[in-house]
Amino acid sequence: MNEREIEYFISSWKLIPGTGGVFDVSVNGELVFSKHEVGRHAEPGEVRAGIMKVLETVRPADFELASK
């Protein structure tokens with residue numbers, strides 16, 4: 001699934017700032033990254049990988065973007 005296709009499967013996303021530089025990222029109500037829980041910044045691609053993992057659970061296996 002590419003970046004253009006993911007917009008079809010995200011009903012909501014939130015970057016939830018906390019104090020002291022802590023933040024959480026959730027997609028469709030599911031937490032995909034929490035700096036507070038892991039105690040560090042996300043590695044490159046880590047948040048995207050979490051988003052893609054959530055979206056793979058809602059994307060039909062036979063999904064194809066009509067404009068391909």
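These are my notebook entries on one chain, read from a predicted model.

**Entry 1: overall layout**

I began with the secondary structure. The chain holds three helices and three strands. Read from the N terminus, the elements run α-β-β-β-α-α. The chain has 68 residues, and 25% of them are buried. I then looked up the exposed surface. It comes to about 4,900 Å². Carbon and sulfur atoms supply 55% of that area. For contacts, I took those with a separation of 6 or more. Of these, 34% join residues 24 or more positions apart.

**Entry 2: the sheet**

I traced the strands next. Three strands form an open sheet in the order 1-2-3, with antiparallel pairing. Strand 1 and strand 3 are the edge strands, each pairing on one side only. From one strand to the next, the twist averages 20 degrees. Helix 3 packs on this sheet and touches strand 2 and strand 3. The direction of helix 3 makes about 165 degrees with that of strand 3.

**Entry 3: strand 1 with strand 2**

I took residues 13-17 and 23-27 together. These are strand 1 and strand 2. They pair in the antiparallel sense over five bridges. In the register, Trp 13 stands opposite Val 27. The two strands form a hairpin with five residues between them. In the turn, I noted Gly 20, with a positive phi of about 70 degrees.

Is strand 1 buried or in the open? I checked its five residues. The number buried is zero, so strand 1 lies largely in the open.

**Entry 4: strand 2 with strand 3**

Strand 3 covers residues 30-34. It runs antiparallel to strand 2, and four bridges join the two. I looked up two positions in the register. Val 25 stands opposite Phe 33. Ser 26 stands opposite Leu 31. This hairpin has two residues between its strands. Asn 28, in the turn, has a positive phi of about 50 degrees.

**Entry 5: Ser 26**

I stayed on strand 2 for Ser 26, which lies within it. Is this serine buried or exposed? Its relative accessibility is 12%, so Ser 26 counts as buried, the cut-off being under 20%. I listed its contacts, leaving out residues up to four places away in sequence. Ser 26 touches Ser 12, Trp 13, Lys 14, Ile 16, Leu 31 and Val 32. Of these, Leu 31 is also the residue standing opposite Ser 26 in strand 3.

**Entry 6: aromatic rings**

I searched the whole structure for aromatic pairs. There is one. It joins Phe 23 and Phe 33, whose ring centres are 5.8 Å apart. Their planes make 35 degrees, so the pair is tilted. Where do the two rings sit in the fold? Phe 23 lies in strand 2 and Phe 33 in strand 3, so the pair ties together parts that are ten residues apart in sequence. Both Phe 23 and Phe 33 are buried.

**Entry 7: the nonpolar core**

I then collected the largest nonpolar core. It has eleven residues. Both rings of the aromatic pair belong to it, as Phe 23 and Phe 33 are listed. The other members are Ile 6, Phe 9, Val 25, Val 27, Val 32, Ile 51, Met 52, Val 54 and Leu 55. Strand 2, strand 3 and helix 3 each supply at least two residues. Which element gives the largest share? Helix 3 does, with four residues. I add one background remark: in soluble globular proteins, nonpolar side chains tend to be buried together.

**Entry 8: helix 3**

Helix 3 spans 46-56. Its buried residues are Gly 50, Ile 51, Met 52, Val 54 and Leu 55. I asked what these residues pack against. The partners are helix 1, strand 2 and strand 3.

**Entry 9: Glu 3 and Arg 48**

Last, I went to helix 1, residues 3-6. Glu 3 is found there. At 48% relative accessibility, Glu 3 counts as partly exposed. How far is Glu 3 from Arg 48 in sequence and in space? They are 45 residues apart in sequence. C-alpha to C-alpha, they are 9.8 Å apart.

Note on methods
Residues are numbered from 1 along each chain as its sequence is written. This is a predicted model: local features need pLDDT of at least 70, side-chain atom pairs count only at pLDDT 80 or more; totals for chains, interfaces and linings use all residues. Side-chain values use heavy atoms; hydrogens and water are left out. Buried means under 20% relative accessible area, exposed over 50%, partly exposed in between (1.4 Å probe, protein chains only). Two strands pair if DSSP finds at least two bridges between them. Rings of Phe, Tyr and Trp (its six-membered ring) pair if their centres lie within 6.5 Å; planes under 30 degrees apart count as stacked, over 60 as edge-to-face and the rest as tilted. Contact means heavy atoms within 4.5 Å. A nonpolar core is a set of buried Ala, Val, Leu, Ile, Met, Phe, Trp, Tyr and Cys residues joined through side-chain atoms within 4.5 Å. Accessible areas come from the Shrake-Rupley method with a 1.4 Å probe; for residues, only the protein chains shown count as cover. Axes are lines fitted to C-alpha atoms, for helices over the stretch in contact, and angles run from 0 to 180 degrees between N-to-C directions.
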